[in-house]
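Subject: The structure, and what turned up in it

Hi,

Here is the structure I promised to pass on. Have a look at it first, and then read my notes underneath.

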Amino acid sequence: MKRSLAEKVDHLFITLHPRDRGPYSYKEVEAGIRQQGGPPMSSSYIWQLRTGKRDNPTMKHLEALAGFFGVSPSYFFDEESSKRIDAELSMLSSMRDNQVRSVAMRASGLSPETLQTIQSFIERARDLEGLNSGDQTPEG
């Protein structure tokens with residue numbers, strides 16, 4: 001299902017922010033875009049894009065938002081890129097969880113066979129806890 005521009009912008013705010021705090025404020029995004037040499041964008045305009053009050057920004061505005069959040073501008077234009085980037089963002093978001101990060105760090109250096117076994121255990125645990133229902137692979 002194709003997501004709206006507002007949904008994509010909101011997803012960036014929710015998932016990409018400094019560790020140990022919540023999303024960037026609109027003023028922080030405005031200042032960051034300005035510091036990166038982007039086009040003028042008021043914090044209220046960024047809010048309008050995030051909430052769907054405005055939905056037809058210029059290419060320069062979308063490139064500036066993508067640049068601020070560190071994603072490819074194709075995130076806003078190409079559904080395949082959007083899905084791939086969302087999958088990457090999901091993984092990064094998971095890594096913020098200390099326990100998940102700890103498991104990942106401890107798995108470093110294990111053989112591919114052992115990693116596959118661990119992945120199978122994790123998938124089975126997710127099934128048992130109902131966390132895999134409705135999941136989609138990054139490809140589909």
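What pLDDT does the protein average, and what share of the residues score at least 70? This is a predicted model, and the average pLDDT comes to 84, with 87% of the residues scoring at least 70. Confidence varies along the chain: helix 3 (residues 43–51) has the highest mean pLDDT of the elements, at 97, while helix 7 (residues 98–107) has the lowest, at 70. Then there is the stretch 135–140, where pLDDT stays under 50. For those residues the model has three contacts beyond four places in sequence. Where pLDDT is low, the predicted coordinates shouldn't be read in detail.

**Overall layout**

You'll be looking at helices: the protein has eight of them and zero strands. Going along the sequence, the pattern reads α-α-α-α-α-α-α-α. Of the 140 residues, 27% are buried. If you take the contacts with a separation of 6 or more, 51% of them are between residues 24 or more positions apart. The accessible surface adds up to about 9,400 Å², and carbon and sulfur atoms account for 53% of that.

**Salt bridges**

Searching the whole structure gave six salt bridges. As general background, side chains of opposite charge can pair when their charged atoms come close. Three of the bridges are described here, including one that spans a long stretch of sequence.

That one is Asp86 with Arg3, at 2.4 Å from N to O. Arg3 sits in the segment before helix 1 (5–15) and Asp86 in helix 6 (residues 79–95), so this bridge ties together parts that are 83 residues apart in sequence. How much of each partner is accessible? Asp86 has a relative accessible area of 16%, so it counts as buried, whereas Arg3 is partly exposed at 22%.

Helix 6 also holds another bridge, between Arg84 and Glu88, whose closest N and O atoms are 3.4 Å apart. Both residues belong to helix 6 and are four residues apart, about one turn of the helix. Arg84 is partly exposed, with a relative accessible area of 42%, and Glu88 is partly exposed too, at 40%.

Next, helix 2 (residues 26–35), where Arg34 and Glu30 again lie four residues apart, about one turn of the helix. Their closest N and O atoms are 3.9 Å apart, and the two form a salt bridge. Here the partners fall on opposite sides of the accessibility scale: Arg34 is exposed, with a relative accessible area of 55%, but Glu30 is buried, with 18%. Which residues does Glu30 contact, leaving aside its neighbours within four places in sequence? They are Met41, Ser42, Ser43 and Ile46.

**Aromatic rings**

The rings are worth a look as well. A pair of aromatic rings is described by the distance of the centres and the angle of the planes. The count comes to six aromatic pairs. One of them is Tyr24 with Phe69, an edge-to-face pair with 6.2 Å between the centres and 70° between the planes. This pair links distant parts of the chain, with Tyr24 in the loop between helix 1 and helix 2 and Phe69 in helix 4 (residues 59–69), 45 residues apart. Phe69 is buried, with a relative accessible area of 8%, while Tyr24 counts as partly exposed at 24%.

Tyr75 and Phe76 have ring centres 5.4 Å apart and planes at 75°, so this pair is edge-to-face. Tyr75 and Phe76 are both buried.

Tyr24 and Phe69 also show up in a bigger grouping: together with Phe13, Tyr26 and Phe68 they form one aromatic cluster.

**If you open it in a viewer**

Here are some places to start:

- Asp86 and Arg3, for the bridge that ties together parts 83 residues apart in sequence.
- Glu30 in helix 2, with its contacts to Met41, Ser42, Ser43 and Ile46.
- Tyr24 and Phe69, for the edge-to-face pair.
- Residues 135–140, where pLDDT stays under 50.

Cheers

Terms used
Residues numbered from 1 in each chain as written. Predicted model: local features only at pLDDT ≥ 70, side-chain atom pairs only at ≥ 80, totals over all residues. Heavy atoms only, no water. Salt bridge = Lys/Arg side-chain N within 4 Å of Asp/Glu carboxyl O. Helix = DSSP H or I, 4+ residues; strand = E, 2+ residues; numbered from the N terminus. Buried < 20%, exposed > 50% of the residue type's maximum accessible area, 1.4 Å probe, protein only. pLDDT = per-residue confidence, 0-100. Contact = heavy atoms within 4.5 Å. Areas by Shrake-Rupley, 256 points an atom, 1.4 Å probe, with all protein chains shown as cover. Phe/Tyr/Trp six-rings, centres within 6.5 Å; stacked < 30°, edge-to-face > 60°.
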